[in-house]
Each structure stands twice: as C-alpha cells, then as structure tokens.
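Open the model in your viewer and keep the selection tool at hand. We will go from stop to stop, with something to pick at each one.

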Amino acid sequence: MDKYLKALKQNVCAICVDSNEKGGCTLNEKESCAVELFLPQIISVVQNNDSDDIQELHNKLRETVCVQCRAQENGNCYLREDANCSLDRYFSLIAETIRRVDEEIT
Ligand code: SF4
Ligand code: SF4
C-alpha cells in the first residue's frame, strides 16, 4: 500500500490544487481526501478492470467508492459537483499511477 501512496503523492498531490508548493496536503483535520480514505478500493477497481476506456473505469469507481462515501446522497455529490473531490478531479492520473506502480512490480 505504501508504494501506491508514495507514487500518488509524487504524481497527484504534487499537482493537486489542495497542496502547497512542496506537494504537502493543505486539507485540515475536519476534511478528508477520498484518495487516501478509499485507497484500497480505488486500487482494486483499477486492478480488476483492464479497460482502456477511462470513462468506464471512472463509472466503476463511482459505483464502488462513491456509494460508500458520506459526501454522496442519492447519487449526487456536492463535492464532485463543485470539482472539490480530488479523487474525481484527478481520477485518470490516479489510475495511470496505480497501473505504472503495478507494471514496475511485475
Ligand atoms: S487533497 Fe488528496 S490528492 Fe490533494 S494534496 Fe491532499 S492528499 Fe493529495
Ligand atoms: S466524488 Fe463525492 S462521493 Fe465520490 S469519492 Fe469524491 S467526495 Fe466521495
């Protein structure tokens, strides 16, 4: 799990609008990042779907992760609608990073 987290910090946190100039997260303790919160589920969605269609993968992620997330109600998510969920915002980069880590291992 650490290797995924490390790669995501280097690739995603570094460009995230919620990070500082050193790539450190600026969310406070009352806010949580869905990328960290749901990392095992995100990895599993990416690893169990080898489709090149990123939209299909994104839909699977929403079916798996968003249904478990407190921010979503009746299929609507106020964070996603305001582009405030880093998982939704950077999903293609997140999926690509996870696949790259897996390629390095195998
Ligand atoms: S919000 Fe998430 S993706 Fe963005 S810097 Fe913080 S931990 Fe990284
Ligand atoms: S898009 Fe909304 S429901 Fe889905 S993980 Fe992000 S905050 Fe949670």
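Helices here are DSSP runs of at least four residues, marked H or I, and they are numbered from the N terminus. Keep in mind that this is a predicted model.

**Stop 1: a loop between two helices**

Select Ala-83. It sits in the loop that joins H5 and H6. Check its backbone: phi is near 55°, a positive value in a residue other than glycine. Is Ala-83 buried or exposed? Count the other C-beta atoms within 10 Å and you get 10. A residue is exposed if that count is 12 or fewer, so Ala-83 is exposed.

**Stop 2: a loop between two strands**

Now pick Asn-74. Strand E1 (72-73) and strand E2 (76-77) lie on either side of its loop. Phi of Asn-74 is near 50°, a positive value in a residue other than glycine. Asn-74 has 5 C-beta neighbours inside 10 Å, so it counts as exposed.

**Stop 3: ligand 2**

Select ligand 2 and show what is around it. Four cysteines are in the list: Cys-66, Cys-69, Cys-77 and Cys-85. Add Ala-34, Val-65, Ala-71, Gln-72, Leu-79, Arg-80, Leu-87 and Asp-88 to complete the shell. Which helices each supply at least two of the shell residues? They are H5 (78-81) and H6 (86-89). Sort the shell by class and you find 9 nonpolar, 1 polar and 2 charged residues.

**Stop 4: ligand 1**

Move to ligand 1. Its surroundings include Cys-13, Cys-16, Cys-25 and Cys-33. Val-12, Leu-27 and Val-35 are there too. So are Asp-18, Ser-19, Glu-36 and Ser-86. This shell divides into 7 nonpolar, 2 polar and 2 charged residues.

**Stop 5: a pair of helices**

Two packed helices are described by the angle between their axes and the distance between the axes. Select helix H3 (residues 39-47) and helix H4 (residues 54-64). Their axes come within 10 Å and cross at roughly 140°. That angle makes H3 oblique to H4. The crossing is right-handed.

Now show the residues that meet. From H3, pick Gln-41, Ile-42, Val-45 and Val-46. From H4, pick Leu-57, Lys-60, Leu-61 and Thr-64. By class, the contact of H3 with H4 has 5 nonpolar, 2 polar and 1 charged residues.

Methods:
Residues numbered from 1 in each chain as written. Chains lettered and ligands numbered in written order. Predicted model: local features only at pLDDT ≥ 70, side-chain atom pairs only at ≥ 80, totals over all residues. Axes fitted to C-alpha atoms, helices over the stretch in contact; angles between N-to-C directions. Parallel < 35°, antiparallel > 145°, perpendicular 65-115°, else oblique. Left-handed = near helix turned anticlockwise from the far one by under 90°. Contact = placed C-beta atoms within 7 Å. Nonpolar A, V, L, I, M, F, W, Y, C, P; charged D, E, K, R; others polar. Near = placed C-beta within 6 Å. Buried ≥ 20, exposed ≤ 12 C-beta atoms within 10 Å, placed from the backbone.
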